[in-house]
Amino acid sequence: MNGSLGPSDGDIFTPPVVVRPPTGGARPYRRVEIYGRAVGKAFTAADVAEFIRRAGVDDPDLADPELVGWRGGDETVWTAD
């Protein structure tokens, strides 16, 4: 191991889906990444679930930390306040 960290925000384990912190502004959103690739902007938890379904998971559990890593708040946080 070379001691460098990848784009996992310092986590040793990064789940396949990462939901970034909410943006500011009039219509905040959260960026969603699957396996490190940006897949879109989510305005609600339902949007996150849809991105995961499109990636092949039929019934995603958004509360499963082995599937989804929420950064800057859990699935109930959608503003930067």
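Trainee: Which residues have the most contacts inside the largest nonpolar core?

Mentor: Good place to start, keeping in mind that this is a predicted model. The residues with the most contacts there are Val17, Val48, Ile52, Leu62, Val68 and Trp70, in a core of 15 residues.

Trainee: Which elements give two or more residues to this core?

Mentor: Those elements are β1 (17-19), β2 (30-34), α1 (45-54) and β4 (68-70). The helix α1 gives the most, with 5 residues.

Trainee: How do these elements follow one another along the sequence?

Mentor: The pattern reads β-β-β-α-β, from 1 helix and 4 strands.

Trainee: Let me pick one core residue. What is Trp70 in contact with, leaving aside its neighbours within four places in sequence?

Mentor: Trp70 is in contact with Val19, Arg30, Val48, Leu62, Glu75 and Trp78. Two of these partners, Val48 and Leu62, are also among the core residues with the most contacts.

Trainee: And what share of the contacts with a separation of 6 or more comes from residues 24 or more positions apart?

Mentor: Such pairs account for 43% of them. As for burial, 36% of the 81 residues count as buried. The chain exposes about 5,300 Å², with carbon and sulfur atoms supplying 52% of that area.

Trainee: Where does pLDDT stay under 50?

Mentor: Start with the general idea: where pLDDT is low, predicted coordinates should not be read in detail. In this chain, pLDDT stays under 50 over residues 1-8, and the model has 4 contacts beyond four places in sequence for them. For the chain, the mean pLDDT is 89, and 86% of the residues reach 70 or more.

Terms used:
Residues are numbered from 1 along each chain as its sequence is written. This is a predicted model: local features need pLDDT of at least 70, side-chain atom pairs count only at pLDDT 80 or more; totals for chains, interfaces and linings use all residues. Side-chain values use heavy atoms; hydrogens and water are left out. A nonpolar core is a set of buried Ala, Val, Leu, Ile, Met, Phe, Trp, Tyr and Cys residues joined through side-chain atoms within 4.5 Å. Buried means under 20% relative accessible area, exposed over 50%, partly exposed in between (1.4 Å probe, protein chains only). Contact means heavy atoms within 4.5 Å. pLDDT is the predictor's confidence in each residue, from 0 to 100. Accessible areas come from the Shrake-Rupley method with a 1.4 Å probe; for residues, only the protein chains shown count as cover.
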